[in-house]
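Me: I'm new to this one, so let's go through it together. Can you show me the structure before I start asking?

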Amino acid sequence: MIRNIALLALSLTAGAASAATIPATLTFNSDSNTAYTNVMPTAQSGSVLIDFSFTYTGATVDNNDFLALWFGNSNNLSQAYKGPNVGFKANCGTGGSCTNDLFARLGGEGGPFMNNSNLVAGTTYNIFANLYKAAGSTTYNRFDMWLNATANEKSSLTGADLMATGNSNLTSFNTIGIRTLGLDKGLTVNLNGLSVSGLESEVPEPGSVALMGLALAGLAFTRRNKRG
């Protein structure tokens, strides 16, 4: 399968020109489905890379405390937050014995959640993610997510810590936003360096690369046998 990887010139980056410049730091301490929004100059329908860091102070995140970046459209802004999301939803949203906080999803209200992602106050976390259309889908149906990704993981799009699948029913978007919920008891979240970049050129997915390598190895073996 083919994946996009080269950055388009058009991107939304903290401090860079876009429909509205994204502040270098966004601070959240109350609840809103549209705590932050940014409408892009044109609709996007290709693969997208998301990169941001965050930390929180003032309280411990507890059941269902929530902050996520969403993708939608400005003509349906009141419902746009229900599209693809990536961020944190504390304790799997339900509590109990679950302590996983980070999630990515194509829609709905649940996870999936990233294993071993129990957030700690005062710690800085980097979230890197790739929202894209897999297997010829016309709608976004894959959301890969990395926690504190290495430079190699970001450049090769390999080694994701979480891979969410499903039908988002979203073919394109022109708006990104932040939804917050449960930010009470003095909890403050600072989000830094938000970057949302479109992608253009095509490269194989890691699994396709492996299959291609096996095919090439088999071809080379056949040629050697013919020569022998």
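Me: How many charged residues are in the lining of the largest pocket?

Reply: Quick background: this is a predicted model, where local features need pLDDT of at least 70, side-chain atom pairs count only at pLDDT 80 or more, and totals for chains, interfaces and linings use all residues. Residues are numbered from 1 along each chain as its sequence is written, and side-chain values use heavy atoms, with hydrogens and water left out. A pocket here is an open set of points on a 1 Å grid over the protein atoms alone, where a 1.4 Å probe fits, with protein on both sides within 12 Å along at least five of seven lines; lining residues have an atom within 4 Å of a point. Sorted by class, the lining has three nonpolar residues and four polar ones (Gly counts as polar), and the charged ones (Asp, Glu, Lys and Arg) number five.

Me: Which elements give two or more residues to that lining?

Reply: The lining includes Asn85, Lys89, Arg179 and Leu181. Strands are DSSP runs of E, at least two residues, numbered from the N terminus. The elements you're after are β7 (85-89) and β12 (173-181).

Me: Are Cys92 and Cys98 buried or exposed?

Reply: These two are joined by a disulfide (cysteine sulfur atoms within 2.5 Å), with S to S at 1.7 Å. Buried means under 20% relative accessible area and exposed over 50%, with a 1.4 Å probe and protein chains only. By that cut-off, both Cys92 and Cys98 are buried.

Me: What share of the 228 residues is buried?

Reply: The same cut-off applies to the whole protein. Of its 228 residues, the buried share is 45%.

Conventions:
Helices (H or I, at least four residues) and strands (E, at least two) are DSSP runs, numbered from the N terminus.
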